Amino acid sequence: MAGLYPSSIKPSPSSSSLSQSSHAFASRILLLLTLLPLSLAAFAFVLQWRGENSDPITRWSSINGLEFPGMDITTTTSKTTTTTGGHTSSNCADILGQSRSISFPYFRDWKLKLDSDLNPKICITTSTSAGLEQILPWIFYHKVIGVTNFFLFVEGKAATPSVSRVLESIPKVKLIHRTKELEEQQAKSRIWNETWLSSFFYKPCNYELFVKQSLNMEMAIVMAREAHMEWIIHLDTDELIHPAGTREYSLRQLLSDLPENVDMVVFPNYESCVERDNIQEPFSEVSMFKKNYDHLMKETYFGNYRESTRGNPNYFLTYGNGKAGARIRPHLRPNGAHRWHNYMKNPNEVKMDEAAVLHYTYTKFSDLTSRRDRCGCKPTKEEVKRCFMLEFDRDAFIIASTATEAEMLNWYREHVVWTDKDLSKKLIKKGILTRIHAPMVIMQALKEAGVYSSLIESVQTSIAKDPFLSADEIISNSSKALEAAGAVSSRKIGNKEPRVGIRNVLQASDIDLSAMPPLSPPVMDDIHRYT
């Protein structure tokens, strides 16, 4: 039995050879796994060394002269000045020049068609005396979200030759100067023989502006129809359309999703809430807004009314009844600066549940004096009622006309600037206030792409070479600068599924109803009417 033990533990020849072959196979696999990445790394190194492949940093640097993606070292040297007769001309590009901060060019491959083959065709009309620092961002922002044509009725600074040349060089922008011929033409308008605007005739300041805007809107309808536009919107140059509720942050998508039987769409307005008294570029510096009553629950609105007004006459400093866009139909007419109407029928009107107009009102301290300088009324309580429709405008005019600059600044901080951070946070949580950054992002992208500065410089260069260039030649020379606008798109802003929130609005019962003036939002005395 003892002889059985050695035979039972002695390995057989077949098992020994199997173990040796398994060990050899494992060694070969380990060797292959070790050599494979080493050989690939060596191959890649050889290709790069021979110049057959380049990494992204090298590629971006060679194209743009950048040391690292987005670090634009040419912004400080790209600006040029034009000299005429040995004197350096004032370079408006300095106002709207490229940002000095690091710019990440992730918009490079974004393409936006600014041609007129996109539908629906949308135009905006405005009456303005602003400068390029306000009008250019306003125009290009709306181009980004889908507006194709602009009809600008200009006077004041906007009508000066240096500003007009730049604006006229932008394709699809038409300027109408306030000339004697224009006034004679508008004096023959049928509006003067109708009753719906008659209560605003022959009154100063805001009333006069209201009538002028209505006459300009009437002419813009004719121009829009001749340009084959489908929608027309009236905005001021301190207002931006905010097409919330669309996936691509697109006004074109917003309007194309509306039923064909809709004649007019109302955009409730949100009002800017400045947090400093030294704002210089409202479109780029203001992100906090007070929501419109139409976008709030009644309980939320009236429950926070007193805290929201902060001692001011109303919930909003200025108007609260929004702005409107109209489909170009036969017999379309304005119904004041805030609405459109039709001579032959009551328009089918809807109101947006999410989209809004962002109103940047009194965003700069200088707005107090600039508004005062546009009106010659006496600063008395009785006289300002004749000149201004809204109570806050009346108070602001009296302060700007009677107080010292220090007193004006204190009043501005108390009534306009939101210095109480705790109150702001509370009202944001309640839903009264909201942060909106999309316009800031688009404006910054346009600025960093050099859209404004390139346009201004190209026009200045064209004029310096030939002061007698026609408008068409200036447009041709500036078209290359405008190509930069195609690098900015709104489609990356939105993140919602396409859904347009609208509500039907009761139609007017009288086709000849009075024009809608700027109206304040509901006050506390109206609580029983709205509950």
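Which residue of S14 is the bridge partner of Val-265? In this predicted model, the partner is Val-350, and the pairing offers a convenient way into the structure.

Strand S8 spans residues 264–267 and has neighbours in two strands. With S14 (residues 349–352), S8 runs parallel, and three bridges join the two. With S11 (residues 323–327), S8 pairs in the antiparallel sense over four bridges; here Val-266 has Ala-324 as its bridge partner. In a regular strand, side chains alternate between the two faces of the sheet. The strand in question can be read with that in mind: Met-264 and Val-266 point one way, Val-265 and Phe-267 point the other way, and all four residues are buried.

Phe-267 leads on to the interior of the protein. The largest nonpolar core has 73 residues, and Phe-267 is among those with the most contacts inside it, along with Leu-136, Leu-152 and Leu-251. Helix H4 (residues 132–144) gives the largest share of this core, eight residues. The surroundings of Leu-251 can be listed in full: apart from neighbours within four places in sequence, Leu-251 is in contact with Ile-122, Ile-145, Val-147, Ile-233, Ile-241, Pro-243 and Phe-267. A second core, separate from this one, has 20 residues, including Phe-151, Ile-176, Leu-182 and Met-217. In soluble globular proteins, nonpolar side chains tend to be buried together.

For the protein as a whole, the model shows 20 helices and 17 strands. Of its 531 residues, 48% are buried. Among contacts with a separation of 6 or more, 77% are between residues 24 or more positions apart. The accessible surface comes to about 27200 Å², and carbon and sulfur atoms account for 55% of this area.

Charged side chains add a further set of links, and the count of salt bridges comes to 20. Side chains of opposite charge can pair when their charged atoms come close. What does Glu-260 meet in a salt bridge at 3.7 Å, N to O? The partner is the side chain of Arg-327. Glu-260 lies in the loop between helix H8 (251–256) and S8, while Arg-327 belongs to strand S11, so this pair ties together parts that are 67 residues apart in sequence. The two partners differ in their exposure: Glu-260 counts as exposed because its relative accessibility is 55%, whereas Arg-327, at 10%, counts as buried. Glu-260 also forms a salt bridge with Arg-329, with the closest N and O atoms 3.8 Å apart. Arg-329 sits in the loop between S11 and strand S12 (332–334), so this second pair ties together parts that are 69 residues apart in sequence. Through shared partners, salt bridges join Glu-260, Asp-263, Arg-327, Arg-329 and Lys-345 into one network.

Another salt bridge brings together the side chains of Glu-183 and Arg-178, at 3.7 Å from N to O. Both residues count as partly exposed, Glu-183 at 43% relative accessibility and Arg-178 at 25%.

Helix H17 (residues 438–448) is a case of a largely enclosed element: eight of its eleven residues are buried, so the rest of the structure encloses most of the helix. The buried set consists of Ala-438, Pro-439, Ile-442, Met-443, Ala-445, Leu-446, Lys-447 and Glu-448. Just after H17, Gly-450 takes a positive phi of about 75°.

Positive phi values also occur at residues other than glycine. Cys-205 has a phi of about 55° and is placed in the loop between helix H6 (180–186) and helix H7 (206–226). Cys-205 counts as buried because its relative accessibility is 14%, under the 20% cut-off. Arg-310 likewise has a positive phi, near 55°, and lies in the loop between helix H11 (305–309) and S11.

Not every nonpolar side chain is found inside. Phe-25, Ile-29 and Leu-33 make a nonpolar surface patch of about 310 Å². Leu-33 lies in helix H2 (residues 13–49) and counts as exposed because its relative accessibility is 56%. An α-helix has 3.6 residues a turn, so residues three or four places apart point the same way.

Notes:
Residues numbered from 1 in each chain as written. Predicted model: local features only at pLDDT ≥ 70, side-chain atom pairs only at ≥ 80, totals over all residues. Heavy atoms only, no water. Buried < 20%, exposed > 50% of the residue type's maximum accessible area, 1.4 Å probe, protein only. Pairing = 2+ DSSP bridges. Patch = residues over 30% accessible without salt bridge, like charges linked within 9 Å, V, L, I, M, F, W, Y side chains within 5 Å. Areas by Shrake-Rupley, 256 points an atom, 1.4 Å probe, with all protein chains shown as cover. Salt bridge = Lys/Arg side-chain N within 4 Å of Asp/Glu carboxyl O. Contact = heavy atoms within 4.5 Å. Core = buried A, V, L, I, M, F, W, Y, C linked by side-chain atoms within 4.5 Å.
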